[in-house]
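Colleague: I have this chain open at my bench and would love a close look at one part of it. Could you walk me through its open sheet?

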Amino acid sequence: MRTGYLVYSGRGKPCLIRPHVSFSDMMSRSPERLQGDMGIVHGELPAGLIVRKLDRRRDDRGWFMEIFQNYWKGPIDPVQWSLVRSNARVLRGLHIHLSHDEYIMPVFGQFLVGLRDLRPDSPTRNRSCLLRLNCENPIALLFPRGLLHGWYFMEDSLHLQAVSE
């Protein structure tokens, strides 16, 4: 028997999504076991996904960090910014947007972001990845429309989100 999540792709065709890693396995992975500074816990990055390490500039007053620049190469031209507060052990998603691109970054806390490429003409169709984002190692994710995505908040968290439409 095939198990997984049945999701409709927007073209009316169902797509079975099978988890490739157990929840207990992904929760037990320490930051030292992540792939570099990008927070990748599992899988391959879909085409068009930008994982941007954010640079904090510290001095005796505190720190400064740019969170977005128009000249950054990426799929999004934001028209709306939102701040989203989530409690611990909350799952937001799964959802797919066919008309806008998205940007997310942690402000405080930590969470997992799962992505699966459902774009019919994508070279990475059906590939998925799981990333861990946290405020201690800030990363911004910029991703194009057509990626199924969801967030799991391991602790009380706040993230910044932008959309292109």
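Colleague: In what order do the five strands of the open sheet lie, and is their pairing parallel or antiparallel?

Modeller: Happy to! Please keep in mind that this is a predicted model. Reading across the open sheet, you meet β4, then β12, β9, β14 and finally β7, and the pairing is antiparallel. Strands of a sheet pair through backbone hydrogen bonds, in either a parallel or an antiparallel way. At the edges stand β4, residues 50-53, and β7, residues 80-86. Each of these two has a single partner strand, so one side of each is left without a neighbour in the sheet. From one strand to the next, the twist averages 20°.

Now let's zoom in on one pair within the sheet. Strand β9 covers residues 102-108 and strand β12 covers residues 139-143; three bridges link them in the antiparallel sense. If you want a spot to click on, try E102, whose bridge partner in β12 is F143. As you follow a strand, remember that in a regular strand the side chains alternate between the two faces of the sheet.

To place the sheet in its setting, the chain has 14 strands and one helix. Of its 165 residues, 44% count as buried. Contacts also reach along the sequence: among those between residues at least 6 apart, 74% join residues at least 24 apart. As for the surface, the chain exposes about 9500 Å², with carbon and sulfur atoms supplying 49% of it.

Definitions and conventions. Residues numbered from 1 in each chain as written. Predicted model: local features only at pLDDT ≥ 70, side-chain atom pairs only at ≥ 80, totals over all residues. Heavy atoms only, no water. Pairing = 2+ DSSP bridges. Helix = DSSP H or I, 4+ residues; strand = E, 2+ residues; numbered from the N terminus. Axes fitted to C-alpha atoms, helices over the stretch in contact; angles between N-to-C directions. Buried < 20%, exposed > 50% of the residue type's maximum accessible area, 1.4 Å probe, protein only. Contact = heavy atoms within 4.5 Å. Areas by Shrake-Rupley, 256 points an atom, 1.4 Å probe, with all protein chains shown as cover.
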